[in-house]
Amino acid sequence: MNIGIILAAGEGTRMKSRTPKVLHEVMGKKIIQYVLDACEDGRIDKKVLILGHGKDEILKALKNKDFNWKEQPIGEDKPYGTGYAVMQAVDYIEDSSTVVILNGDVPLIEGKTLNEFIKFHKENKNTASVLTADIEEPYGYGRILRHNNQIIGIVEEKDASEEEKKINEINSGIYCFDGKELKNVLNELDNDNSQNEYYITDGIKMIVEKGYKVGGYKISDTVQIKGVNNRIQLSELSKEEKLRINKKHMLNGVTIIDPDNTYIEKDVKIGIDTIIYPNTFLEGKTEIGEDNIIGPGTRIQSSKIGSNNSIENSKIIKSTLKNYNKIGPYAYIRPNCKIGNYVKIGDFVEMKNTTIGDNSKASHLAYLGDGEVGKDANIGCGVIFVNYDGKKKHKTIIKDGAFVGSNSNLVAPIVINEGAYIACGSTITEEVGKNALAIGRARQVTKINKGKDRYK
Ligand code: UD1
Ligand code: CA
């Protein structure tokens, strides 16, 4: 049985934030969620989260609660440190289990790596193993101390001598322990160091001193073990994750004009020959088909986009588009819109909870809220679906082939039937029949020479 203990009770003071550190996001996903997902992928059977600072907020933020958790008492008079955090999980540790300890603030660790690390630990019959890496700027990390190439301990930056600070091999904060020895070691930890903290890293030294086997598993992909302690590191890891995702899409046949300025979240799917222009954000469970041109300056959240669409400088939220549509520049498509094929939603058109059928157009400056627009309809410039009476929202139904002239108000609930024609500038309050012409505006009055009177 593999048990994962994830340490996330610390305060994260270096973040200077009201939000608990592990709830900060890397490419749209919470740091702690990355670690939980990695455990899941790494086939860790049971996860125990150690929570303290921000406990309630963290529990509330994690929707899928497929983990156990333990509270670490927090307070000025309370002990502190990664070792003390692990002690809280002692009831979950079985003698025969392999315990994987992870820092809750190291998000890019992959399940595959954890799996290989556990295998390394077991195959070498180690009592403890440490996941390490050589990094160019080791400042801030614990350094791995070796003698005759064997790990003999870990020293924290704050406790390290000048010589030790020169060591480039760092401690990832990820360890494997045999359950029985881990429990023994937890009983013996002390807080005799510059920080007066209980360090789990001391456990490694103690196991060496007892004569048991300790191994180091060094990985070359150093990004996977980088921690987030401040917002600079948060941005560095976000950048790294962003480029990893973008490279994957590019290798799969998507053109990304400027990968540094394109933000695609992990669960997004994109078909081949789609071209993505800079400053585009694709978020949530968005699915995009083939041969689309997306961006520049577009944000699409949890939406389904077919193929051959062009979407420029627009925002689309929780909506569906089929094929060959032209959206934007500057369209705003709010939740629950369904757009057919060959539709044009042009500049400064806002849509919400509205369906629009094939070949229909709303080319400029309109509001389409709570509507049902059929095929081949034309919504002129400045048309408003007047959907709200101050209390309730009402529906506007426009049937196939209807033409709504510019600057018209359609006061919902209202039906405009097939082929009907609304004269521009109308305020329509009654149903308009099939193929009818409706004009709903005051007749023009022109008074000869009256224009000059304005100066009198
Ligand atoms: C720790 C390691 C260091 C390693 C680094 C890797 C120790 C003593 N040091 O240092 O060797 O290079 O991680 O990122 O272990 N936590 C608790 N309870 C506590 C204190 C901390 O749950 O009382 C949690 C924190 O929330 C955090 C994790 O443990 O998720 C690591 O704590 P942090 O203070 O960030 O340790 P580092 O200084 O980074
Ligand atoms: Ca840390």
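A residue is counted as buried under 20% relative accessible area, as exposed over 50%, and as partly exposed in between. By this criterion K450, at 49% relative accessibility, is partly exposed, because its value falls in the intermediate range. The structure described here is a predicted model. K450 is placed in the segment after β39. Its C-alpha atom is 67 Å from that of S17, and the two residues are separated by 433 positions in sequence.

Strand β39 itself comprises residues 437–438 and includes L437. With a relative accessible area of 56%, L437 is exposed. L437 also takes part in a nonpolar patch on the surface, together with F403, Y421 and I439. The four residues of this patch have about 410 Å² of accessible area together.

A contrasting environment is found in helix α1. This helix spans residues 31–41 and is mostly covered, with 8 of its 11 residues buried. The buried positions are I31, I32, Q33, Y34, V35 and L36, followed by A38 and C39. Just after α1, R43 adopts a positive phi of about 55°.

The surroundings of ligand 1 were examined next. Ligand 1 has 23 residues around it, of which L7, A9, T82, E156 and N171 come nearest. The shell consists of 8 nonpolar, 11 polar and 4 charged residues. Several backbone atoms approach oxygen atoms of the ligand. For L7, a backbone N or O atom lies 2.7 Å from an oxygen atom of ligand 1. For G10, the corresponding distance from a backbone N or O atom to a ligand oxygen is 2.8 Å. A polar backbone atom of G142 is likewise 2.8 Å from an oxygen atom of ligand 1. On its own, ligand 1 has 760 Å² of accessible area, and the protein covers 92% of this area. Two or more residues of the shell are contributed by each of β1 (2–8), α3 (82–87) and β10 (169–178).

Charged side chains were then considered. Side chains of opposite charge can pair when their charged atoms come close. In the present model, the count comes to 26 salt bridges. One of these joins D66 and K47, whose closest N and O atoms are 3.5 Å apart. D66 is located in the loop between α2 (55–61) and β5 (68–71), whereas K47 belongs to strand β4 (residues 46–51), so the salt bridge ties together parts that are 19 residues apart in sequence. The two partners differ in their exposure class: D66 is partly exposed at 36% relative accessibility, while K47 is buried at 5%.

A further salt bridge is formed by the side chains of R143 and E157, with an N to O distance of 2.8 Å. R143 lies in strand β8 (residues 143–147) and E157 in the loop between β9 (150–155) and α5 (162–165), so that this pair connects parts 14 residues apart in sequence. R143 is buried, with a relative accessible area of 2%. E157 also counts as buried, at 12% relative accessibility.

K210 and E188 provide another example, their closest N and O atoms being 3.3 Å apart. This pair links distant parts of the chain, with K210 in the loop between α7 (201–209) and β11 (214–218) and E188 in helix α6 (residues 179–188), 22 residues away. K210 is partly exposed at 34% relative accessibility, and E188 is partly exposed with a relative accessible area of 42%. In addition to such pairs, salt bridges that share partners join E110, D221, E240 and R244 into one network.

The position of K125 was also examined. This residue is found in the loop between α4 (111–123) and β7 (128–134). With a relative accessible area of 68%, K125 is classed as exposed, because this value is over 50%. The C-alpha atoms of K125 and G215 are 9.2 Å apart in space, although the two residues are 90 positions apart in sequence.

Note on methods: Residues numbered from 1 in each chain as written. Chains lettered and ligands numbered in written order. Predicted model: local features only at pLDDT ≥ 70, side-chain atom pairs only at ≥ 80, totals over all residues. Heavy atoms only, no water. Patch = residues over 30% accessible without salt bridge, like charges linked within 9 Å, V, L, I, M, F, W, Y side chains within 5 Å. Areas by Shrake-Rupley, 256 points an atom, 1.4 Å probe, with all protein chains shown as cover. Helix = DSSP H or I, 4+ residues; strand = E, 2+ residues; numbered from the N terminus. Buried < 20%, exposed > 50% of the residue type's maximum accessible area, 1.4 Å probe, protein only. Near = heavy atom within 4 Å. Polar contact = N/O pair within 3.5 Å; in protein donor to acceptor, adjacent residues only side chain to side chain. Nonpolar A, V, L, I, M, F, W, Y, C, P; charged D, E, K, R; others polar.
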